[in-house]
Amino acid sequence: MFFSRLVTRWKGLALTLLAAIATVWLGVTGQLGLYINPRYYVFTLIMAGIAFVLTIGALLVIPGPGEDDEHDHEHAGFNGPDGRRPNARDVAGAGRRRPLLAFGGSLTAVVIVAAAAVALLVVPPSSLTSAAVEQRSLNGSSNTLANAGPPPGTSDDTSAYSVKDWAALIRQGASADDLSGRTATLTGFVTPDADDPDNVFYVARFVVTCCAVDAQPVGVPVYSPGWSSSYPTDSWVTVTGAFEPNPSVLSAATTVVRPDSLTAVDQPAEPYVY
Amino acid sequence: MLLLVAIRLLAPAEWTSWMTDPAKDFVTLSVSVIIESLPFVILGILLSAIVQIWLPAGFLLRRLPRNPVLRRSLISLLGVLLPVCECGNVPLTRGLIVSGLSVADSMAFLFAAPIINPITIVTTYQAFGWTDGILISRIVGGLLIANLVGFIYSAHPAPQTLLTRGFQAACAVDPHAEHGTRTRRTLISFGRESAAMMPALIVGAGVAGLIQVAVSRNLLITLGSNPLWSVLALMALAFIVAICSNVDAFFILSFGSTFLPGGIVAFLIFGPMIDIKMLALMRTTFTVRTLVQVSVLIAVCAAAIGLAVNLVF
């Protein structure tokens, strides 16, 4: 019972502390952007700070597992696979579960805390991979769809256009003619074209609205036969080149970048675009 | 804690290279849900403590009208004042039940609040404006469903049995009768509520991450342009994505032209009320049986509203 009480009283605070520390750590090291959109940084960090203070405060006032306290009856049922319908009679005794069940519940809680600790603190933060691209159809949506303007005129400055901007233009139907003479400089991770993975890859980025869960991949196709021997999937590259009609007959992309230069780069500090 | 930090700092950077890409994505997505939801859960727990401990006993209840329908309508509108999305509403709802609000009335609050909270309304307006009646359908539909759920459960003969045993026991304690200073009680309440909410959040985030890795979205999105299937597919998407109601409008807007408005409305109504993360969080309070009933009821209503929108616009 000692073990069960210990776990019951401390699991919530332990998890809160883990999550708060992980959040602040990510914030301090500038890696919060791997998980959430920058517009939530301030709110998230403030609440993590409050959570941290409250947790420490609660740790100080909550009685130890050996002491008695009026909240004792409270420790059951929150996680347990307890689907039984209680009746009004045993409300008073609710929570007084058999020791074995209580022990099982505590063990589950310990596993949850351990898993959270590993996921939040031990595993180094990382961005999403090409496996997620396959799940979420590259350019299947584009957050910029609503605000991408007409194809840029020849006098417009496109040097600052990102992967997202070009992907939105191409998705809107801008053809190689519309974009001819345009040179793009794009940085993103490498992900193979679904239909012609030997000759075409995408320079891709994830667009994050709120958090990594809603990340949508966008990308610009690049025609470069044999690319995979020098640039592994998920590695980061910077491509400079002009737009052309796609020479590949297999690939569904109509417009591609023919690289003048293609260099491997480090993953940027903010791998997602917003 | 220090040991864990030390492991991370001392371990070679590439020690996770044995993990497959989907495994890494699973961790990234689950952590992302936790980091994104944590502030709202903490805010919800704090508001819950304010309702229970800092407001005088019966402060809210005394002011509510006696007529049940009127009372529930008012409670379902309470969310307009609270910029808390769905994960924060669960601890707040628990606080309301503990303070003496009936289970049925609390449900009306729980399901309406994430949809009519001010941030949600503003972001939905920014995303869709007045197009296709999406904003109006969302607000009106959400309020109707929440009041319907409240109305149905108000007829329940033994509403206490809708709650888990552990939570029933928690309700049996009068928060105002507890001893200690308010600050101390707030901290104890924080410890207790975090013990209920945090494990549920971790499990919900894990399941959400797992399903995201396992289920391809492409199929759901392909179905999005069919009048009937768009509604069902987008509800399924809302269920597995488990995205915060404050920003779900931007998320679904990113698919913009692909989907029919009815599907979008169903997504925007169903998602804030029922999704994987919410089920895990609500499981701290309601029995499985209650959650199944409520989920089916809300799903049917949301689908009906979505189909109606598709027919009208």
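**Entry 1. A:D234**

I began with the exposure of A:D234 in this predicted model. The residue is partly exposed, because 18 other C-beta atoms lie within 10 Å, and a buried residue would need 20 or more. I then looked up its backbone and noted a positive phi of about 80°, although A:D234 is not a glycine. Most residues other than glycine have a negative phi. For the location, I found A:D234 in the loop between β3 (216–223) and β4 (236–245) of chain A.

**Entry 2. B:D132**

I turned to chain B with a question of the same kind. Where does B:D132 lie? I placed it in the loop between α7 (118–128) and α8 (134–154) of chain B. Its phi is near 55°, again a positive value in a residue other than glycine. Is B:D132 buried or exposed? I put it down as partly exposed, because it has 18 other C-beta atoms within 10 Å and the class of buried residues starts at 20.

**Entry 3. Chain A as a whole**

I listed the elements of chain A and got six helices and five strands. Read from the N terminus on, the order is α-α-α-α-α-α-β-β-β-β-β. The loop that holds A:D234, between β3 and β4, belongs to the strand part of that order. I also looked up burial: 46% of the 274 residues of chain A count as buried. For contacts in chain A between residues at least 6 apart in sequence, I noted that 70% join residues at least 24 apart.

**Entry 4. Chain B as a whole**

How many helices and strands are there in chain B? I have 16 helices and zero strands. Of its 313 residues, 58% count as buried. I took the contacts in chain B between residues at least 6 apart in sequence, and 86% of them join residues at least 24 apart.

I next looked at the dimensions of chain B. Along the principal axes, its C-alpha atoms fill a box of roughly 60 × 55 × 35 Å. A compact globule with 313 residues would have a radius of gyration near 20 Å, and chain B, at 20 Å, agrees with that.

**Entry 5. α2 and α10 of chain B**

I went on to helix packing. Two packed helices are described by the angle between their axes and the distance between the axes. In chain B, I took helix α2 (residues 21–54) and helix α10 (residues 182–214), whose axes come within 7 Å and cross at roughly 155°. The two helices are therefore roughly antiparallel to each other, since angles over 145 degrees count as such. I recorded the crossing of α2(B) and α10(B) as right-handed. Sorted by class, their contact has 18 nonpolar, 10 polar and four charged residues.

**Entry 6. α14 and α16 of chain B**

I then checked helix α14 (residues 261–273) of chain B against helix α16 (residues 288–312) of chain B; their axes come within 7 Å and cross at roughly 155°. That makes α14(B) roughly antiparallel to α16(B). The crossing is right-handed.

Which residues of α14(B) make the contact with α16(B)? I listed B:P261, B:G262, B:G263, B:V265, B:A266, B:I269, B:F270 and B:M273. From α16(B), I noted residues including B:I298, B:A299, B:A302, B:A303, B:I305 and B:G306. The residues of this contact divide into 13 nonpolar, four polar and no charged. I set this beside the α2(B) and α10(B) contact, where four charged residues were counted.

How values were computed: Residues numbered from 1 in each chain as written. Chains lettered and ligands numbered in written order. Predicted model: local features only at pLDDT ≥ 70, side-chain atom pairs only at ≥ 80, totals over all residues. Axes fitted to C-alpha atoms, helices over the stretch in contact; angles between N-to-C directions. Helix = DSSP H or I, 4+ residues; strand = E, 2+ residues; numbered from the N terminus. Parallel < 35°, antiparallel > 145°, perpendicular 65-115°, else oblique. Left-handed = near helix turned anticlockwise from the far one by under 90°. Contact = placed C-beta atoms within 7 Å. Nonpolar A, V, L, I, M, F, W, Y, C, P; charged D, E, K, R; others polar. Buried ≥ 20, exposed ≤ 12 C-beta atoms within 10 Å, placed from the backbone. Rg over C-alpha atoms; globule rule 2.2 N^0.38 Å.
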